[in-house]
2 protein chains.
Amino acid sequence: MPQLAELDRLRVVLESTRNPLNLGAAARAMSNFGALRLRVVNPYEVAFREARSAVGAAADVLSSAEEFTTLAEAVADCGLVVGTTAIHYRDLQHSVHRLDEGAALVRQYMAVAPVAIIFGCEKTGLSNEDLAHCHWLIHIPTRDEHLSMNLGQAVAVTLYELSRLSAPLASLDQQDPVIGSELERLTKSLLNTLQLSGYATPASLGATEEKVRRLLRRMSLNARDAELLLGMLRQIDWKLRSNPDKPKP
Amino acid sequence: MPQLAELDRLRVVLESTRNPLNLGAAARAMSNFGALRLRVVNPYEVAFREARSAVGAAADVLSSAEEFTTLAEAVADCGLVVGTTAIHYRDLQHSVHRLDEGAALVRQYMAVAPVAIIFGCEKTGLSNEDLAHCHWLIHIPTRDEHLSMNLGQAVAVTLYELSRLSAPLASLDQQDPVIGSELERLTKSLLNTLQLSGYATPASLGATEEKVRRLLRRMSLNARDAELLLGMLRQIDWKLRSNPDKPKP
């Protein structure tokens, strides 16, 4: 009888990790629980080299780790992107699930598409820019007096919960999810429409981009919905472009 | 509402720990999950001194740690002594429970008496002599190819499971949902934009209306998302209206 749930579709993404010991510890926990696909985004180079050169139990995970310069690239093939946060209600723009609930959702989702789970850097966690790529967040319940976990331990606890075998779950309401690169295409497309319409000005563009990125990830779009929205935006853009520079008050 | 089960009656016992980083990591996880009573048996003295001298989040746990020379003394006041093992059936003299089952038993037991949970030394785990002090064992399910966990991570996972509250949490998923009338307002607004842009023609209007209505209900919008979208649509409409009837091919 298998001891663990299958985690082949899970991508563990470490963003801006500083400490080689934490990279090694995360990789070891991954190897323990059978999550073998590590992606590192913008790691502190010395730490990454040092961790990779280590021999030992997690060497396979580290040597096959993929390196990316942006989080968007690291999650481009993923249908669900889940962030991790120490704080229960850090950010009202995202749903926050307790780890056990979130893990059940992730397991369901992995039946249909790759899922990324993101751990931020040791000092600061995930930035607002990182969070904009996440569909929702999980948190591990800890004491109010000491919320923040060590990175390697947080990875271990998360993978323990994800690999937990449980009774099969009811079918997923989300077939055919949008993968990250398609969501990013839709993000750029909506942003373009908002620029053409004057909703996004050069001064507000950065803030609007983050707002749009979050909004589209909160919506649980499937691939067909994304196509539908892209078609609408194309037509609106065409119409907006066809009559430039004649705004009336 | 408490996030964690009460672990005041738990004693975490580290037997012959060699590495100060592991002592520190175990103490940090204890502090995270509210298990504040650390007992060390026969630690490598240098490691214990080094770990104790560290400042930081787990300093309280380390400075109040009790030191013993034998396991028997360390568990003298405990009504239940539970060992930990990486191996499923190492020892036919003990019952071995999977962590989640074992944790449920430990929680029950803590209602009546102090419980000790023992972690062996990094290299060799618990000796046969140590095991003789244990009522039963727990193991954390890991891959056959890589059974042995890092000590600090094993402590973290074990305490995560022990501190788990079994009571169901209300789902945090949908704060502040859009009420039906607001969704309908958004539906009409998007439909209006699609008409202005030429996406919806008089012939397709009925079909498009249904498509838009379904689309917006599949998205799990909250009230603020709906406001945001309405604002975008208002601006797009204004721009579309400001230049009527001049489509270019």
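**Figure 1. Pairing of strands E1 and E2 in chain B of the predicted model.** Strand E1 (residues 10–15) and strand E2 (residues 38–41) of chain B run parallel and are joined by four bridges. Within this pairing, Glu15(B) is found opposite Val41(B) of E2(B).

**Figure 2. The open sheet of chain B, with helix H7 lying across three of its strands.** Seven strands of chain B make up the sheet, in the order E3-E2-E1-E6-E4-E7-E5, with parallel pairing. Its edges are formed by strand E3 (66–68) and strand E5 (96–98) of chain B, each of which pairs on one side only. On average, and with direction ignored, neighbouring strands of this sheet are turned by 30 degrees against each other. Helix H7 (residues 151–163) of chain B lies across E1, strand E4 (80–84) and strand E6 (115–119) of chain B. The helix runs at about 155 degrees to E6(B).

**Figure 3. The open sheet of chain A and its edge strands.** In chain A, seven strands with parallel pairing form an open sheet whose order is E3-E2-E1-E6-E4-E7-E5. Strand E3 (66–68) and E5 of chain A each have a single partner strand, so one side of each is left without a neighbour in the sheet. From one strand to the next, the twist averages 30 degrees.

**Figure 4. Pairing of edge strand E5 with strand E7 in chain A.** Strand E7 (residues 136–139) of chain A runs parallel to E5(A), and three bridges join the two. Val96(A) has Leu137(A) of E7(A) opposite it.

**Figure 5. Helices H1 and H7 of chain A packed on the sheet.** H1(A) touches strand E1 (10–15) and strand E2 (38–41) of chain A. The direction of H1(A) makes about 170 degrees with that of E1(A). H7(A) touches E1, strand E4 (80–84) and strand E6 (115–119) of chain A, and its direction makes about 155 degrees with that of E6(A).

**Figure 6. The two domains of chain A and the contact between them.** Domain 1 of chain A spans residues 10–163, and domain 2 spans residues 180–242. Their C-alpha centres lie 28 Å apart. Domain 1 of chain A brings 13 residues to the contact, and domain 2 of chain A brings seven residues. The side of domain 1 of chain A that touches domain 2 of chain A has seven nonpolar, four polar and two charged residues.

**Figure 7. The interface between chains A and B.** In this view, 51 residues of chain A are in contact with 49 residues of chain B. At least two residues of the side of chain A that touches chain B come from each of helix H1 (20–33), strand E5 (96–98), helix H7 (151–163), helix H8 (180–196), helix H9 (205–218) and helix H10 (223–242) of chain A. H10(A) gives the most to this side, with eight residues. By class, the side of chain A that touches chain B comprises 23 nonpolar, 18 polar and 10 charged residues.

**Figure 8. Confidence of the prediction, with residues 167–174 of chain A in view.** The model has an ipTM of 0.80 and a pTM of 0.80. For chain A, pLDDT averages 87, and 90% of the residues score at least 70. Over residues 167–174 of chain A, pLDDT stays under 50. For this stretch the model has nine contacts beyond four places in sequence.

Note on methods
Residues numbered from 1 in each chain as written. Chains lettered and ligands numbered in written order. Predicted model: local features only at pLDDT ≥ 70, side-chain atom pairs only at ≥ 80, totals over all residues. Nonpolar A, V, L, I, M, F, W, Y, C, P; charged D, E, K, R; others polar. pLDDT = per-residue confidence, 0-100. Domains from an automatic or database assignment. Pairing = 2+ DSSP bridges. Axes fitted to C-alpha atoms, helices over the stretch in contact; angles between N-to-C directions.
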